[in-house]
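Hi,

Here is the structure I promised to pass on. Please have a look at it first, and then read my notes below.

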Amino acid sequence: VHHDRAPVRVGQSALRVKSVIAVGSGKGGVGKSTVAASLALTLRRLGSKVGLMDADVYGPSIPHLLGLTGRPAITESKRIEPIRLGDMPVMSMGFLIEPDQAVIWRGPMLHGSINQFLGETDWGDLDYLIIDMPPGTGDVALTLSQAIPLAGSVVVCTPQEVALLDAVKAISMFRKVNIPILGMVENMSGFMCPDCGKTYDIFGSGGARDKAEELDVAFLGKLPIDITLREAGDAGQLADVIEHNEKARAPLDAIAKSV
Ligand code: ADP
């Protein structure tokens, strides 16, 4: 992704952004939201202006991962004021519904809410807007691709064969709606025992790199199973890990630099 792109705009909206990056996966539970949030935080740490949009409207987990709560206010100019983590604007369906409330959408409502998030949120000037996509389905990808030119997508998967098959579907879904594939990230790729230093390939390792090669897409890097990431995500403190834990953030730095 080039930093010297001209900013794109959605209609008359307040969004002025150089690169929109969608983070997707074939199925849930592979760490897509963790990677999306960590990528946004890492790009910000490396000096970019970043916004994070949670388009996983059925299972919004970004507010929880970042420890954010609150209701977005509507400004006088009828814009949605996003919730901010420091200077990073974040928008999620999670800010609009009760935590235990299920979201039941019809297609047009989904389409409308994604367009509102994009076009009516007061994002300001951004270098990157990172979008956490819902797993699997193509309707949000289709809506996005019609609303805004995306720089591309990052597909997250685990090294397991079943997860890789789902990742292949995600790639073909992005291709169908003409969203370029920036590459694949292998998450939960091995676990290094902190006591003995030995690496255990719990879900396997290396499968995504091979699959990426086979599909002719870039391999952006791997993220090991790291208990600090899981604990920080559960505690709403993912930002602290990215800011302060050099060991945990090192693989994320490499991934952020490769997008
Ligand atoms: P998805 O968005 O694909 O459903 P999440 O990002 O919500 O997945 O992650 C699912 C669970 O796995 C969360 O509890 C998260 O903290 C954990 N997790 C994700 N990636 C890692 C990792 N690399 N190491 C340890 N735990 C992880």
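What share of the contacts with a separation of 6 or more comes from residues 24 or more positions apart? In this protein, the share is 76%. Please keep in mind as you read on that this is a predicted model.

**The whole protein**

The protein has nine helices and eleven strands. Its radius of gyration is 17 Å, close to the 18 Å that the globule rule gives for 259 residues, so the protein is as compact as a globular protein of that length. If you want a feel for its dimensions, the C-alpha trace spans about 60 × 40 × 35 Å along the principal axes. Of the 259 residues, 47% are buried.

**Around the ligand**

You will probably want to go to the ligand next. It is surrounded by 17 residues, and the closest are Gly-31, Lys-32, Ser-33, Thr-34 and Gly-233. Two elements, α1 (32-45) and α7 (227-234), give two or more residues each to this shell. By type, the shell consists of nine polar, five nonpolar and three charged residues.

The UniProt record, an unreviewed entry, has a "binding site" annotation that covers Gly-26, Lys-27, Gly-28, Gly-29, Val-30, Gly-31, Lys-32 and Ser-33. Among the closest residues to the ligand are Gly-31, Lys-32 and Ser-33, and the annotation includes these three.

Two glycines from the annotated stretch are worth a click. Gly-28 is in the loop between β2 and α1, and Gly-29 is placed in the loop between β2 and α1 as well. Gly-28 counts as partly exposed because it has 16 C-beta neighbours inside 10 Å. Gly-29 has 11 such neighbours inside 10 Å and therefore counts as exposed. Beyond its neighbours within four places in sequence, Gly-28 is in contact with Gly-59 and Pro-135.

**Helix α4**

Which residues of helix α4 (residues 139-147) are buried? They are Val-140, Ala-141, Thr-143 and Leu-144. These four lie on the same side of α4, because they cover an arc of only 160 degrees around the axis. The general pattern helps here: an α-helix has 3.6 residues a turn, so residues three or four places apart point the same way. As for partners, the buried residues of α4 pack against β2 (15-25), α3 (107-120), β6 (124-132) and α5 (161-176).

One of those partners, helix α3, contains Gly-119. This glycine counts as partly exposed because it has 19 C-beta neighbours inside 10 Å, while a residue needs 20 or more to be buried. Gly-119 and Ile-148 are 29 residues apart in sequence, and their C-alpha atoms are 9.6 Å apart in space.

**Two positive phi angles**

Most residues other than glycine have a negative phi. Two residues here have a positive one. Lys-78 has a phi near 65 degrees and is found in the loop between α2 (62-66) and β4 (83-85). It counts as exposed because it has 7 C-beta neighbours inside 10 Å. For Asn-178, phi is near 60 degrees, and the residue sits in the loop between α5 and β8 (181-187). Asn-178 is exposed too, with 12 other C-beta atoms within 10 Å.

Happy browsing, and best wishes!

Note on methods: Residues are numbered from 1 along each chain as its sequence is written. This is a predicted model: local features need pLDDT of at least 70, side-chain atom pairs count only at pLDDT 80 or more; totals for chains, interfaces and linings use all residues. A residue is near a molecule or strand if its C-beta atom, placed from the backbone, lies within 6 Å of it. Ala, Val, Leu, Ile, Met, Phe, Trp, Tyr, Cys and Pro count as nonpolar, Asp, Glu, Lys and Arg as charged, and the others, Gly among them, as polar. The arc is that of the directions from the helix axis to the C-beta atoms. Two residues are in contact if their C-beta atoms, placed from the backbone, lie within 7 Å. UniProt positions are given in the numbering used here, feature names are shortened, and annotations may be inferred rather than shown by experiment. The radius of gyration is taken over C-alpha atoms; the globule rule is 2.2 Å times the number of residues to the power 0.38.
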